[in-house]
Amino acid sequence: MDPITFQVIQSRLSGIVQEMQDSIFRTGYSTIIRESQDASCMLMDPSGDVIGEHVVLPLHIACLPQCVRNIQQTFGADIRLGDAFLTNHPYLGGVPHSMDMAVITPFFHNGRLVAFCGSIAHKSDLGGVVPGTGYGNAREIFQEGIQYPPVRLISQGEIMQDIEAILRANSRTPELVLGDIRGQVGVARLGERRLAELIERYGLEPALEAFAMQQRVTEDRIRATLRSWPDGAFEAESWVDTDGITLDKRVRYHIRIEKKGDGIVFDSTGCQDQTQGPVNIVPSLALGCYYFALIAMIDPKLPNNGGVARVVQAKFRKGSVLDPYFPAATNTYMAAATAITEASLQALSGFVSEKRMAGNGGVGGITISGTTPAGKPFVQYESVGSAYGAHAHGDGPSAVTVLLSNARISPVEVLESEFPTRLVRFELIEDSGGPGKYRGGLVQRREYEILTDDAQLTLRGGRHEVPAFGLAGGQPGRLGGCVLNPGMQSERRMPSRFSGLRLKSGDRVLLERAGGGGFGGPRERSFERVLDDVIDGYVSRDAAIAEYGVDERRLDEALERWEHRLREFANVQR
Amino acid sequence: MSLRVAVDTGGTFTDFVVLDEKTGALDVFKVPSTRGSEADGIIAGLEQYLKRQRRAAGDVGFFSHGTTVGTNAILEEKGAKTGLLVTEGFRGIYEVGEQSRPYGATTYDLFYQKPPPLVRPRYTAEIGERVLFDGSVLRELDEETVRAAARKFRAHEIKSVAVCLLFAFRNPAHERRIAEIFAEEAPNCNVSLSSEVIPQIREYFRLSTTLVNAYLNPLLTGYVAALDGRLKELGCRTDQRFIMRSNGGVATFETAARRSVQTILSGPAAGVVAAEKLAAQMPGYRNVVTFDMGGTSTDVALIENGSPARRSGGKVHDRYVLVPMLDIHTVAAGGGTLAYVDASGVLQVGPQSAGAIPGPVAYGRGGTQPTVTDANLVLGYLSAGNALAGGTLSLDKDAAERAIREKIAEPLGLSTIDAARGIVEIVNVKMQEAIKVVSSNRGYDLRDFYLLAFGGAGPLHAGPMAEELGMKGVLVPPFPGVTSALGLLLSDVRHDYVVSDLRALEAVDARKVNEVFEGMRKHAEGELLGEGFRHNQLVYEYDLDLRYVGQGYELTVRVERVPLHEGDLQKIRGDFDQQHLALTGHSAPDAGVEIVNYRVTGVAIVPKATLASPFSAKGTLDDAFVSYRDAYFGSAKPVQTRLYDRANLPEGAQIDGPAILLQADSTTVIPPGQRGRVIELGLLEIMRA
C-alpha cells in the first residue's frame, strides 16, 4: 500500500474515534461521564486488535480488545448486523472493574464482519454493598455489584427488553445507567456509520490493508527502538498502602523487564499473592499498563494499536495480584494499575535513563452517596488527581491526573447544585511537592461538608503511607490523607481504602492527595526559584530554609523587598 | 464621506479593501504589518491610499477592522499584569483547572507541562464571602478583604483584575460590590466580573473566560485608543468605526475593548462573514464550508442555508473562553507547514510551521526543511517568478526541489514529484479532517455543500479536497487573499445575551418563554440604542439551549419566531430530538427535556457595501490566456497547463482543467477532470467536468 493512502486512512480512523469521544461526553447523563469524562472509545478489527483510538484514558486500551475476544468466544458465528453487546465483568468480559461497562457493536460490510466499535464508560451505580458499587472492603467480586458477562443488549436492531429490565432493576440510579448506555450505543452506531463511509470511499481491501499496516508500522518502530537498547534486564517494585482488609500490610507489585534483540518481556511473577481486598487487577489491564509504559518511553505519539500488543510479551503468575483467581475483588484497581505502571517505567528507564522520573502522587476516587433530604438516592463520584514527580528536565506539574488516569475534576458548582454536599476548600497544599533541584508537583486539598443525614463515604486509593519517591537526591512528596471532621472532637484519620463510613449532616471530610517526588538535590535549586515558590505559596519559608538550605537572612530580605512595595504604599495611605 | 474602509491585520500583511460608494470602485491592497504597533501599519496604509487616490481622510465614512492583537497577546502571553479574586478557600479552581491532561499523545508524555497561568498565584487574592447554588448568601462579603486586595494590587502595579466568585452567575451582588470598591481603591485598575462576562455555571470555565478578558482589556483599550487617536489626527472623523468580534458581528471600538475576550477570533470571523454574505446573494450557493488557508494555519467554518454555525465557547489557544463565537475550527496547516519523515519512517506534515521567518525553503531566507509551499512550487502550481501578494519575493524552485528530494524523497524511496504530491495530499487530509469536524462530525452531509476557498493558499488546494470529500464543488471569491477584509465591509453589529433558567420544557408555556425573551430583547435594545443605533436598524435572533433531563450539556435550537404561538414549543422539542440524533447517533423522544438557557442576539444592521463583480473583462477566454507551464497532477509526467489572468476572465467563461489562474493575491488551481466557470459577482465555480 502506498504510504500516502495509508496515512490518509490512519488519520480518518483517528478522526472517527475523536468524533465518538466528543459525542459520548456531550450526551452523558451521569456526572462521571459528562463532568469527569471517564469513558473511552475505540475501533477494533475482528480479532480485537485496536485499529483506531484517540487517547483519553490509556487504561482502557487493552480492555476493550479483551472484551471483543470474549464476545467472539461467547457468540461465535451468532454475531449479526444491528447487534450490540455489553459486559462489565472483569473475568468473563475483560473490563478493569465492574463499574466499567463496555458496549460493543459489530460492523459488517456486505455481510462480512470487518470491525467492532466500542466504548467503556464508568457507571454511576450497578448495585452491590455500597452506593456507587465500588466497595473498598470487597473480598470477592460478588460484593462489587451485579456482574454482566458478555450479553446481547440489542439483537439485530431490537432492544432485548429482558436485559434492560435487569439493568434497570439492579441500579440505585437506573435513569443515569440507561441514559449513559444509550449514549454508548449511539457512539458505536456513529462509528459504524463513519466506517461505512470510509470503506465506500477507499474500498474494503485497501481499508483492511491499512488496518493491518498501521499495526505493522507501529510494531516495526518499537522493534527498531528496542534493537537500539542494550540487551539486559531491570527490575523495580512499587507499593500500595493496603488492600482495604489487612490495614497494616502493604501490597507489593514487582516487575522484571528483560529486553533481548527486538523482543521485550514483562515478567510480573515476582508480584505478591493476590489479596483479599480489591487491589487485584486482571491481566488485560496489566497489559494496558505495559503498553502505556513502553509508549511513554519510546514516543508518546506512537499510535497505541495492535502493533504494540504484538511486541509486548508478558509472564503472569496465576494467583498473584496481577493474575488473580476468580472471584478475587478488583474494584479499586486504579492504585494497583498505577503502581505496576510506575514500576514498569522505573525498570524501563534502566534502558533510557534520560526518561527517569520521580514518583507521582497516585490516583483515587472519592464517593459520597446516600439519599438527599428529599429522599432521592444519589452517588457523587469524583476522580481527584494528584501530581507528577519531577524529572531531569523540570518540575513535576501540579494538580494533574497521572499516568493511566485522566478524568476531569468535577466543578464545585455542579456538585453543589446536584448533590447534598458543600465544598469548604479547594486549593493546592503548600510544601506538598517533594523538594529537589526540580520540585515534585503540588497536590490539591478538597474539603466537603455533608448536608444530609443519610450519607456514606467510600475512598478508593491514595498514598497515605507510601509517599511518591524522590530521585537522584530529590525528596519524597508529601503523603496524602483523609480526615473526618478535622480539628473537631470527632476527628478521625482514615486509611486510603475503605467503604461505607456513615456520615451525617454537618460532618466534614478533608481529602488531601499526595504530592510528587523531587529530582536532584534540593540545595541545587537556585535561590531565585525557591524564592518564587515561597512568594507563590508553593514552598513555605521554613521548608525553604530547612529543605532547600536557603540562607535565612537572604530569603527574608528578598521577601521583604517583595512585600516592601506594599508596605510603602500602605504607609503613604495612612 | 463615501469611502468605506476595511482593514484586516494579519501576522505578515495588513490587508485593505476600500470601496467608494459613489463610484462603486473597489481597491484592494496590502501593506506590511507592524507587529507590536499595529496602528502604525494601518495609518501608513490608509495615508498611502488617500494620497494615491487624491482623497481626504474626511471622505472616510465607515471604518471596520479585524485585529489579531488579542489573539497574539494570548499566544505570546503578553497581556496585562493581571490579578485574580476568588472566593476564600478556592484558589484551587484556577490552579487545578481541568486537572486532566489534553487527550491524544500528550497523555503519554511524561514531561507534560500545564500551560503557564495567566496570573501567578502571588497575584491571586481570596475574598471572604460565599454564595450558594440557589443564590442565597451563606457568608456576607468581607469588604476589608477586598480593600486589602485592591491596595496590594495597586502597590504591585496590577493593571487589570478578574473577579470570579462561586455562584456569581446566580447572584452577582458580591462581584458588583467588589467592582465599586475597586473603583474607590484602585481606580485605574480595569475590572472584569464573571457575572458580566459570562454568567454561566462551571466555575473554572467561567473563571478562565473572565481572566482572558481581564488579561486583554488594558491592551485592547490602549490599542483602540491609539488607533482612534491616529484616525482622528489623520482627519478621519466618522463615528462609524468598528472592530470585528468572534461572533461575526462588529462592535464599536469602546464595546470591543471592554469585552476583549470576544475579539479573539476577530480575524478569521471576518472571512466567515464574507462567505455568509456571498452565499446570501447567490441562491444556488447557500450551503458552503469556508476554507481560509494562510501561511501557518487554516480556518474552516460551516454555513448552512446562508447562516454560519455558531458555538457557545471552546478552547482557543490553550485557554477556555466561553463566549458565543462562530464555530471556526483551526488546524495547524498552511503554506509554511513543515514536512518531514518521522522516526517510524512515515511522512508527516505539520503541525510545526516555518512561519514567516525563515519561511519555506523557496523563500531563500534560510529555511532548509521543505514546506507545503515548496511542494506546490515543485508541482508547478505556483510560479517561481510571480511576485507574491504584496511583496516582491520570487521563489527559488531549485532549492525547494533539492530540499524535498533530500529530506523526503530519498529517505522514503520516492521520486521528488511523488514526495511533493505526498506532502500536498497529507496536508489536504488534515484540512479535510478539520472540515469534517465542523460538518459531517456535526451531522451535516458534505454532498450538499460547496467549499469556499480563500486566503493566500486556499484556492491552490481546494479542487482535489472538495472532490475527496464528495462536496458539490468549489467557489473562489474574486479576491481570495483579502476576503477577510471584504467581510469587514459586510458585517452587522451583534451583541449576544444569555439568561440561565433551568426548567422542564413541559413546565413552561409559550407565554412564559415570550416573557423571558421580551425582557432580554428590551435589555439588548437599551444597549444598542445607547451605542447610538436607531430603532429601525435593530433585529433580534432567539435560541434555546435544551437537553434531556439528566444530561449536563446542551444543544442550541433556533426559535424561528417570537412571540411563540401555542404549539411552537412542541415543534422546538421535535427539532431538538432530530438534532440530537444527527449529532450523537441517538435520541430519546419519550424522555423529558429541559430548558437550560435563553439566548438573544441583538443585531444592529449597519449600512453595508453591496457586492458586485470587481472584474469587467468583456473579451474571450483566449484574451485571458497568459502562457503554459508544466504541472504535475496524477501521473509522473508533467502536463502542459494553461495559465490565465483571473481578472481578464469574462463572466460565463468556462475553463477546463488542468488550468491555473493567476492574480496578485492568490493562485487558483483547476485540476484535471474539473471545470471552472466564472459566475455572478466575479466568483469562480469549480465542478467536476
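These exercises, each with a worked solution, concern a predicted model with chains A and B.

**Exercise 1. The side of chain B that touches chain A**

Describe how many residues each chain gives to the contact, and which elements of chain B take part.

Solution. Begin with the totals: 60 residues of chain B and 72 residues of chain A make up the contact. Turning next to the elements of chain B, those that give two or more residues to this side are α3 (92-96), α4 (143-155), α7 (203-234), α12 (416-438) and α16 (568-584). Within this side of chain B, the most is given by α12(B), with 7 residues. Finally, sorting the side of chain B by class yields 25 nonpolar, 18 polar and 17 charged residues.

**Exercise 2. Two helix pairs in chain A**

Determine how helix α5 of chain A is oriented to α6(A), and how α4(A) is oriented to α5(A).

Solution. Two quantities are needed, since a pair of packed helices is described by the angle between the axes and the distance between them.

For the first pair, the axes of α5(A) (residues 174-202) and α6(A) (residues 204-228) come within 7 Å and cross at roughly 115°. Because angles of 65 to 115 degrees count as roughly perpendicular, α5(A) is roughly perpendicular to α6(A). The residues that make this contact are A:L198, A:I199 and A:Y202 on α5(A), together with A:L204, A:P206 and A:A207 on α6(A). By class they come to 6 nonpolar, with no polar and no charged residues.

For the second pair, the axes of α4(A) (residues 161-169) and α5(A) come within 8 Å and cross at roughly 135°, so that α4(A) is oblique to α5(A). Here A:E164, A:L167 and A:R168 of α4(A) meet A:P174, A:V177 and A:L178 of α5(A), and the division by class is 4 nonpolar, no polar and 2 charged.

**Exercise 3. Helix α3 of chain A and its surroundings**

Check the span of α3(A) against the expected value, and then state what covers its buried residues.

Solution. Helix α3(A) runs over residues 63-75, and at 1.5 Å a residue its 13 residues should span 18 Å. The C-alpha atoms at its ends are 18 Å apart, which agrees with that expectation. The buried residues of the helix are A:C63, A:L64, A:P65, A:Q66, A:C67, A:V68, A:N70 and A:I71, and what covers them includes the strands β1 (39-44), β2 (50-53), β3 (84-87), β4 (100-109) and β5 (112-122) as well as helix α7 (283-298), each of chain A. After the helix comes A:G76, whose phi is positive, near 50°.

**Exercise 4. Two residues to be classified**

Are A:Y291 and B:A333 buried or exposed, and which residues do they contact?

Solution. The cut-off for a buried residue is 20 or more other C-beta atoms within 10 Å. A:Y291, which lies in helix α7 of chain A, has 27 C-beta neighbours inside 10 Å and therefore counts as buried. Leaving aside neighbours within four places in sequence, A:Y291 is in contact with A:I61, A:A62, A:N304, A:V308 and A:V312; the last of these is 21 residues away in sequence, with a C-alpha to C-alpha separation of 7.5 Å.

B:A333 is placed in a loop, between β20 (329-331) and β21 (337-341) of chain B, and is buried because 27 other C-beta atoms lie within 10 Å. With the same neighbours in sequence left aside, its contacts are B:S297, B:T298, B:G350, B:V427, B:K430 and B:M431. The C-alpha atoms of B:A333 and B:S297 are separated by 4.6 Å, although these residues are 36 apart along the chain.

**Exercise 5. Backbone features in loops of chain B**

Where do the cis peptide bonds before B:P563 and B:P658 lie, and what is the phi of B:D318?

Solution. The bond from B:V562 to B:P563 is cis, with omega near 5°, and B:P563 is in the loop between β27 (555-559) and α16 of chain B. The bond from B:G657 to B:P658 is likewise cis, with omega near 5°; B:P658 is in the loop between β31 (654-656) and β32 (659-663) of chain B. As for B:D318, its phi is near 75°, a positive value in a residue other than glycine. This residue is in the loop between β17 (314-316) and β18 (319-321) of chain B, and is exposed, with 11 other C-beta atoms within 10 Å.

Definitions and conventions:
Residues numbered from 1 in each chain as written. Chains lettered and ligands numbered in written order. Predicted model: local features only at pLDDT ≥ 70, side-chain atom pairs only at ≥ 80, totals over all residues. Contact = placed C-beta atoms within 7 Å. Helix = DSSP H or I, 4+ residues; strand = E, 2+ residues; numbered from the N terminus. Nonpolar A, V, L, I, M, F, W, Y, C, P; charged D, E, K, R; others polar. Axes fitted to C-alpha atoms, helices over the stretch in contact; angles between N-to-C directions. Parallel < 35°, antiparallel > 145°, perpendicular 65-115°, else oblique. Expected span 1.5 Å × (residues − 1). Buried ≥ 20, exposed ≤ 12 C-beta atoms within 10 Å, placed from the backbone.
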